[in-house]
Amino acid sequence: MISQHSSTEIAVLMSGGLDSSILVGKFLREGRTVHPIYIRTGLFWQSGELPAVQAFLAAIATANLRPLKILELPLDDLYTDHWSLTGSGTPADDTPDEAVYLPGRNALLLVKAAVYCQLHGIGQLACAPLGSSPFEDASSEFFTEYQSAMNRGSSSPVVLLRPFGELHKEEVMRLGVGLPLELTFSCIHPVDGTHCGTCNKCFERKEAFRITGIEDKTVYTASRRTAVQVATKSTP
Ligand SMILES: [Zn+2]
């Protein structure tokens with residue numbers, strides 16, 4: 001059942017956001033064969049996220065980019081009335097990073113992706129948490145311990161990597177120069193599949209572009225509404 005791949009092959013857990021998308025681009029530039037993985041959880045922002053993953057991958061596709069693997073992990077029975085599922089009470093742009101913590105997020109996503117890698121002989125699995133992440137399940141210690149637990153009893157061990165684990169947003173953004181970053185998706189409260197412009201993650205996204213001076217071509221619904229309102233008011 002387990003197939004064998006070469007050591008240049010690596011799987012990347014993608015969310016469609018800036019960091020994981022840039023991580024895929026980085027590995028392709030390095031000549032690695034990349035297996036992108038997206039976990040379909042059914043959370044509120046998936047309607048914007050999955051199309052973004054597909055569009056970004058289509059735009060950067062090379063012979064070394066393997067087809068997107070979508071794994072199902074519905075979380076509606078677990079998160080029930082949580083804002084991540086209902087879209088009600090979504091942390092706004094003035095909330096701290098800690099406000100967007102999702103219980104067990106990395107443990108949940110990693111278990112399915114890691115077993116997929118084990119079953120397909122892909123020796124490395126990378127995720128894109130940053131050094132500035134405040135969450136314990138994004139830490140080096142968590143990844144080391146989780147890797148150890150995941151590989152117990154497996155004849156095809158997988159190494160869990162967090163290549164951006166010591167980097168800050170600005171450094172990661174610079175690695176993304178030249179990639180179609182406008183196709184990535186960061187919002188946790190999308191409106192008709194586009195960035196809301198007012199949530200915690202939209203704020204982080206705007207800041208990422210602002211601090212690096214990279215043009216932000218993202219369409220934000222809030223600014224679009226404002227523009228429409230202004231245009232309407234100025235009409236005689
Ligand atoms: Zn948003």
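At 56% relative accessibility, R210 counts as exposed, where exposed means over 50% relative accessible area, buried means under 20%, and partly exposed lies in between (1.4 Å probe, protein chains only). The structure is a predicted model, in which local features need pLDDT of at least 70 and side-chain atom pairs count only at pLDDT 80 or more, while totals for chains, interfaces and linings use all residues. Residues are numbered from 1 along each chain as its sequence is written, and side-chain values use heavy atoms, with hydrogens and water left out.

R210 is located in helix 8 (residues 200-212); helices (H or I, at least four residues) and strands (E, at least two) are DSSP runs, numbered from the N terminus. Along the chain, R210 and E170 are 40 residues apart, and their C-alpha atoms are separated by 9.6 Å. A further pair is formed by S154 and F185, which are 31 residues apart in sequence and 35 Å apart in space, C-alpha to C-alpha. S154 belongs to the loop between helix 6 and strand 5 (159-161) and is partly exposed, with a relative accessibility of 23%.

Aromatic contacts were examined next. Rings of Phe, Tyr and Trp (its six-membered ring) pair if their centres lie within 6.5 Å; planes under 30 degrees apart count as stacked, over 60 as edge-to-face and the rest as tilted. By this rule, three aromatic pairs are counted. The ring centres of W45 and W83 are 5.9 Å apart and the planes stand at 40°, so this pair is tilted. Because W45 lies in the loop between strand 2 (33-40) and helix 2 (46-60), and W83 in helix 4 (residues 83-86), the pair ties together parts that are 38 residues apart in sequence. W45 is buried, at 8% relative accessibility, and W83 is likewise buried, at 12%. In the pair of F142 and F143, the geometry is edge-to-face, with 6.1 Å centre to centre and 70° between the planes. F142, F143 and Y146 form one aromatic cluster.

These cluster residues also appear in the description of helix 6 (residues 140-150), whose buried residues are F142, F143, Y146 and M150. Viewed down the axis of helix 6, the buried residues fall within an arc of 95° and therefore line one face of the helix; the arc is that of the directions from the helix axis to the C-beta atoms. On the other side of helix 6, E141, T144 and E145 are exposed. F143 has a relative accessibility of 4% and counts as buried.

Charged groups are placed over two of the rings described here. A charge sits over a ring if NZ of Lys or CZ of Arg is within 6 Å of the ring centre and within 35 degrees of the ring normal. The charged end of R162 sits over the ring of F143, 6.0 Å from its centre. The charged end of K206 sits over the ring of Y220, at 4.8 Å from the centre.

Two residues other than glycine have positive phi values. For T80, phi is near 40°; T80 is found in the loop between helix 3 (76-79) and helix 4 and is partly exposed, with a relative accessible area of 47%. For D192, phi is near 50°; D192 lies in the loop between helix 7 (169-175) and helix 8 and is exposed, with a relative accessible area of 74%.
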